Amino acid sequence: MNAPRPSNEPPLAGIGRKLVLPLACSALFFVAAMVICPCIGPTQIDLRAALFGPAGNNDMLILMTARLPRIVLAAMAGAALALAGVGFQAMLRNPLADPYTLGIAAGGSLGAVIAIRSGIEATALGALLYSVGISPLPAAAFAGCVLSVGLVYFVASGRGQLPPTTMVLAGVIVSFFLSAVILFLLYWRTDFVDAFLIMRWTVGSLDITSFGPVWRAGIFFAIGSALLLALARPLNLLATGEALAHSRGVNVRRVKQLVFLGASIVTAAVISLSGPIGFIGIIVPHAVRMMFGADHRLVMPCSLFGGAGFLVICDTVCRTAMAPIELPVGVLTALLGGPFFIWLLRREKRQSFR
Amino acid sequence: MFVPYGDAPSTSKVLPAKAAQRINARPQVSVPILETGGVSFAYAEREVIRNVSLTIQPGEFIGLLGPNGSGKSTLLKLLYGYLHPRAGTVQLNGHDLRTLAQRAIARAVAVVPQEAPETFGFTVAERVLMGRHPFLGPFEFETEHDIEIAREAMARTDTLQFRDRTFNEMSGGERQRAMIASALAQTPEVLLLDEPTAMLDIKYQAQIMRLLRQLNQERGTTVVVAIHDLNLAALGCKRLVLLKAGEIMHDGPPAAVLDEKLLASVYDVKVRRADAFLPSLTE
């Protein structure tokens, strides 16, 4: 067993050492985005006045209502979607999986659409929700997420070990079905105001003007992220195959359940406020893997920071590029994500023939 | 050319009275490292393993033979608890697998699957270090000790030069060696392999078998390998278990199992023994 050690051989690096540089880079990217982006916008603001000026001055108002809540939401959404993307990709052993593969986006949108069409905000239930500090629309979207995820889990768990193929198929079918219901509700007695609102909940947008909802969603985000980050090493093994992971002491079913849970919680937290924003969950994890490698103990925290920074920048572009018209951020991420996705597919193909 | 049967090195442990009593039923000196007692298993209604009783002593080198669908892979999966038997028990060092934590099983038994898919671009070094998983706490990073074990496993399998490569950049034989390195990083007592040579050409087949035999002889690692190639099995293994339709047809030294009539009845094809053409594992 004692093979001679070649003298010129560099030592194998453990994850601890490999983690430092990528983590520092992605954290720096995130911090830079968080510092620079609030200063950018259609209106020029005086940062000193906004931060240290008398309470209620114009600059402060713009910063604290029009910009910061939105930027914090963007950061949280980007982080959540990128992290959930990593989780689903590893669990399903499918590099093209994203947070919405298992049908959660359609569920969230449908929840919001039902709330809009039923006019819940004007009903007694809506008033009750408002009175305890919950906006009915996000609550309905969250409930929609939970129900669709539950449905997919129910379908997939009928086959024992939660086989990835069954999960993806169940997710796709649930997505199609719920999307059809959304379209049905949209066309059933067309109303242009409703139609506009519904579009916002199917494309995704970060328009928000207060911190309250962000903090509430933040609790779910924190719980789900902690769960996912804690599963990084078992996910490494799971990504190499279920039987192999099992043979190395991973409780495969439990890890899958927890990833499913964690990724669903963070995604639902985001969808309940912003609606589904596409492609972040694919672009960011793959960019991180290409730059830093495949180890999930590295990919997960870097995707967290990378996703947050990336979506903050995307949203800033959407706010300012065509001002005063605001582009939904989902449009920009999809415009960037589509070509990226095609490039990724071509790359995967080339590799598999190698 | 066949290795004589029954020379499994007996690790002389002082046995607890109860264990000794249990084992006294058989004329053996050590606790079997793995033992199946009357194991049956079925996927849905299709029975794939029927009443299999197999005793594996420490230090044995066993080849599982049999036609496609005879239950070789399933039997291996039962041996490390990935599948649970419908009837009968599987014991590791005298403990029922069902009573053991998966981590505990993983510390004693390592598995090399038939093929490992490349999905996310893990490097060989990362894959080998994954073998240390059952020895690490939930939030623990690999220590210098773990890294040293992984390095030795890679040196042993001659895969150190591939440490920063992904599986896409390697040949089938190189991948298989990396997978064995990963299993060795688990410092297992038992190595279970599911057709490790199925995808390989003759050179790599012999290389893998030679490596397994070295591990078996030098470290006393118990090896159980499901294998298709009768000749390769005869070359490497000290004991062959012949399965057909989920039942053990024959169990014994290669010379006894590789019998023309027996093989003809199991594989439904006529075979002829031609010892003169058997290659040797030694270079």
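Which residues of α10(A) are buried? Keep that question in mind while the tour approaches the helix from outside, remembering throughout that the model on the screen is a predicted one.

**Chain A as a whole**

Begin by selecting chain A, which has 15 helices and 0 strands. The radius of gyration of chain A is 22 Å, close to the 20 Å that the globule rule gives for 354 residues, so chain A is as compact as a globular protein of that length. If you turn the chain along its principal axes, its C-alpha trace spans about 75 × 55 × 40 Å. Of its 354 residues, 48% count as buried, and among the contacts in chain A with a separation of 6 or more, 80% are accounted for by residues 24 or more positions apart.

**Helix α10 of chain A**

Now select residues 232–239 of chain A, which make up helix α10; 8 of its 8 residues are buried, so the helix is largely enclosed by the rest of the structure. The answer to the opening question is therefore the list Ala232(A), Arg233(A), Pro234(A), Leu235(A), Asn236(A), Leu237(A), Leu238(A) and Ala239(A). To see what surrounds them, add α3 (58–91), α9 (212–230), α11 (242–247), α12 (252–274) and α14 (296–320) of chain A, and also α4 (124–130) of chain B, since the buried residues of α10(A) pack against these helices. Just after α10(A), stop at Gly241(A), which takes a positive phi of about 130°.

**Helix α12 of chain A**

One of those surrounding helices, α12(A), deserves a selection of its own: with 23 residues, α12(A) reaches 32 Å from its first C-alpha to its last, close to the 33 Å expected at 1.5 Å a residue. The helix is mostly covered, for 18 of its 23 residues are buried. Following α12(A) comes Gly275(A), whose phi is positive, near 75°.

**The largest nonpolar core**

Next, select Met76(A) and Ala80(A), which have the most contacts inside the largest nonpolar core, a set of 179 residues. The element that gives the most to this core is α3(A), with 17 residues. Around Ala80(A), leaving aside its neighbours within four places in sequence, you can highlight Phe221(A), Val266(A), Thr267(A), Ala269(A) and Val270(A), with which Ala80(A) is in contact.

**A stop at Ala32 of chain A**

Move to helix α1 (residues 15–36) of chain A, where Ala32(A) lies. Is Ala32(A) buried or partly exposed? Ala32(A) is partly exposed, with 13 other C-beta atoms within 10 Å. If you also select Gly309(A), which is 277 residues away along the chain, you will find the C-alpha atoms of the two separated by 8.0 Å.

**Where the two chains touch**

Show both chains together: the contact takes 35 residues from chain B and 27 residues from chain A. On the side of chain B that touches chain A, α3 (102–108), β6 (109–112), α4 and α5 (144–156) of chain B each supply at least two residues. Of the elements of chain B, α5(B) gives the most to this side, with 6 residues. By residue type, the side of chain B that touches chain A divides into 18 nonpolar, 7 polar and 10 charged.

**An open sheet in chain B**

Turning to chain B, select the 4 strands that form an open sheet in the order β2-β1-β4-β5, with antiparallel pairing. At the edges stand β2 (46–56) and β5 (95–96) of chain B, each with a single partner strand, so one side of each is left without a neighbour in the sheet. Elsewhere in the sheet, strand β1 (residues 34–43) and strand β4 (residues 87–92) of chain B pair in the antiparallel sense over 5 bridges, and Glu35(B) stands opposite Gln91(B) in β4(B).

**Strand β9 of chain B**

Finish with strand β9 (residues 239–244) of chain B, in which 6 of the 6 residues are buried, so the strand is largely enclosed by the rest of the structure. Arg239(B), Val241(B) and Leu243(B) point one way from β9(B), while Leu240(B), Leu242(B) and Lys244(B) point the other way. Strand β3 (residues 61–65) of chain B pairs with β9(B) in the parallel sense over 4 bridges, and there Gly63(B) stands opposite Leu240(B). Strand β10 (residues 247–252) of chain B pairs with β9(B) in the antiparallel sense over 5 bridges, and in β10(B) the bridge partner of Leu240(B) is Gly252(B). The strands β9(B) and β10(B) form a hairpin with 2 residues between them, and in the turn Ala245(B) has a positive phi of about 50°.

Methods
Residues are numbered from 1 along each chain as its sequence is written. Chains are lettered from A and ligands numbered from 1 in the order in which they are written. This is a predicted model: local features need pLDDT of at least 70, side-chain atom pairs count only at pLDDT 80 or more; totals for chains, interfaces and linings use all residues. The radius of gyration is taken over C-alpha atoms; the globule rule is 2.2 Å times the number of residues to the power 0.38. A residue is buried if 20 or more other C-beta atoms lie within 10 Å of its own, exposed if 12 or fewer, and partly exposed in between; C-beta atoms are placed from the backbone. Two residues are in contact if their C-beta atoms, placed from the backbone, lie within 7 Å. Ala, Val, Leu, Ile, Met, Phe, Trp, Tyr, Cys and Pro count as nonpolar, Asp, Glu, Lys and Arg as charged, and the others, Gly among them, as polar. Two strands pair if DSSP finds at least two bridges between them. The expected span of a helix is 1.5 Å times one less than its number of residues. A nonpolar core is a set of buried Ala, Val, Leu, Ile, Met, Phe, Trp, Tyr and Cys residues joined through C-beta atoms within 7 Å.
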